[in-house]
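Trainee: I have a new structure open and want to walk through it. Can we take it bit by bit?

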Amino acid sequence: MENEKDISSPLSCPALLEANAEKCVRCGQCMSVCPVFAQTGLESDSARGKMALVRHYRQAPGPEQAQRLEHALSRCLLCGACENACAAKAPTLASIVAHRAKGLEMLGPKTLLNLQVEALTSSGQGAKALRRTARFAQQLLEKSPEKSQGLFLRFPASWFTRRRVVPRLNERPFLESGAVKKMQAAGPGAVGYFAGCGANHLFGRSAEAFLAIAEKCHLKIFAPEEQVCCGMAAFACGDVEAARKSAAANIMLFADKGLCALVTTCATCGSFIKSWPGLFPEGHPLAKKAQRLADIHLDAADFLLNSPILSEITSGLKGFDPPIRIWHHTPCHQRFSKAATDGPRRLLAFIPGLIIVNSPEEVSCCGHGGSFNIKHYDISQRICADYAGRILKSSASILTAGCTGCMTGLLEGLAGEDGRPAMEVRHPLEVVMQALQ
Ligand code: SF4
Ligand code: SF4
């Protein structure tokens, strides 16, 4: 972080040392691409406004100012559109996260949100018990309209929206379901599979689809049950130490196993695995291992497209008759991050009888943004509603998205007033798997 060289600090990670709000030349280019600014019109919601507030804070720091800055910086999805559009290459995301981390350090103790993130993403026994309780509570407190992929609150409280739709929790966490037990083939040429919290707890079928395709093609898969959250959720909240701990636990599991690739089915996890090296200062024992894993990381679609088994997959595709029409959503983490790719769209294009009705340019941010959806639900919903409105006007009957965060957001955005889905929300690999059957 600017002028801070204390490498014992959690803020010492190289990714945050890049933060420099002075690099913003105030051109305003980022304002035309920011989904939050598009809804609110507030300068402080744009990257330019946030960089100005950071500079101001650095000139006149203090607890009150830190509180104000923390609130302004929380109004960001970390979608990366601003950084992508910035000709001056201002490190807006690093500046935002660095000051969220600084705020956490100054304003501690951890907020309820930080503790929620820890509880949801940790692998400790306490967190597991909490998640079991959540599953039980979901059965008790939520209902599912017929044919709905989502769940509604049975008794919506006045402070909570009636339209709140959440995905159903997996009956058992995917990683404890036994599906990965037979997938433990570490060794030269094996493929590492990182499931991520979204697949582990909510969209297990995205992970199942990848493992089913892998099994069909006789791939050696290494998917250790002990894997934990990639660390993105904690990092986005500014809890750099927790993010580092999660990343370190995963790196120890996957490094030095002779893997030819480390595959993800969630764009957010993929983008954070690419960022793992930025968490460890030079000379740290895990720095090189993190870099190696980032180098071999691939989204599952890219892995399949680049692998010798592609012809085996494409020749086995029976496709759809009658044809199906899908809207393919490319997550922000596959548009603007180090893990940017159009692999899922290219893979879907191989399927006979599958028509992608939208162009890449018609894709927008879904507005979910993880903790942003919890902290700023109203803005999150407005962003999603605009986009969902356009999707619903198209001729698509299925939406595909390769990110469990986007799948969660769009499941809600695409639900009607009665909670019934106007279209199905699926992972691209689920559709590929269906076309293979
Ligand atoms: S595009 Fe970059 S330089 Fe221009 S205002 Fe935004 S952050 Fe600043
Ligand atoms: S990361 Fe996205 S939401 Fe945040 S300021 Fe940049 S464009 Fe806006």
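Trainee: How many aromatic pairs does a search of the whole structure find?
Mentor: Six. Keep in mind that this is a predicted model.

Trainee: What does the pair of tryptophan 327 and tyrosine 387 look like?
Mentor: That pair is edge-to-face. The centres are 6.1 Å apart, with 70° between the planes.

Trainee: Why give both a distance and an angle?
Mentor: Because a pair of aromatic rings is described by the distance of the centres and the angle of the planes.

Trainee: Back to that pair. Which parts does it tie together?
Mentor: Tryptophan 327 sits in strand β8, residues 324–329. Tyrosine 387 sits in helix α19, residues 377–393. The two are 60 residues apart in sequence, so the pair ties together parts separated along the chain.

Trainee: Are tryptophan 327 and tyrosine 387 buried or exposed?
Mentor: Both are buried.

Trainee: Which rings link into a cluster?
Mentor: Phe194, Phe222, Phe254 and Trp276 do, through ring pairs.

Trainee: New topic. How many helices and strands are in the protein chain?
Mentor: There are 21 helices and eleven strands. The chain has 437 residues, and 55% of them are buried.

Trainee: And the contacts?
Mentor: Take the contacts with a separation of 6 or more. Residues 24 or more positions apart account for 74% of those.

Trainee: What span should helix α3 have?
Mentor: Helix α3 covers residues 47–59, which is 13 residues. At 1.5 Å a residue, the span should be 18 Å. The end C-alpha atoms are 19 Å apart, which agrees.

Trainee: Which residues of α3 are buried?
Mentor: Ala47, Gly49, Lys50, Met51, Val54, Arg55 and Tyr57.

Trainee: How many residues of helix α21 are buried?
Mentor: Eight of its nine, so to speak "mostly covered". Helix α21 runs over residues 428–436. Its buried residues include Pro428, Glu430 and Leu436.

Trainee: Now the ligand. Which residues are around ligand 1?
Mentor: Among them are Cys24, Cys27, Cys30 and Cys86. Arg26 and Arg48 are also around ligand 1, as are Val25, Gly28, Gln29, Ala88 and Thr92.

Trainee: How does that shell divide?
Mentor: Into six nonpolar, three polar and two charged residues.

Trainee: Last one. What is the mean pLDDT of the protein chain?
Mentor: The mean is 87, and 82% of the residues reach 70 or more.

Trainee: Where does pLDDT stay under 50?
Mentor: Over residues 1–8. The model has 19 contacts beyond four places in sequence for that stretch.

Key: Residues numbered from 1 in each chain as written. Chains lettered and ligands numbered in written order. Predicted model: local features only at pLDDT ≥ 70, side-chain atom pairs only at ≥ 80, totals over all residues. Heavy atoms only, no water. Near = heavy atom within 4 Å. Nonpolar A, V, L, I, M, F, W, Y, C, P; charged D, E, K, R; others polar. Buried < 20%, exposed > 50% of the residue type's maximum accessible area, 1.4 Å probe, protein only. Helix = DSSP H or I, 4+ residues; strand = E, 2+ residues; numbered from the N terminus. pLDDT = per-residue confidence, 0-100. Contact = heavy atoms within 4.5 Å. Expected span 1.5 Å × (residues − 1). Phe/Tyr/Trp six-rings, centres within 6.5 Å; stacked < 30°, edge-to-face > 60°.
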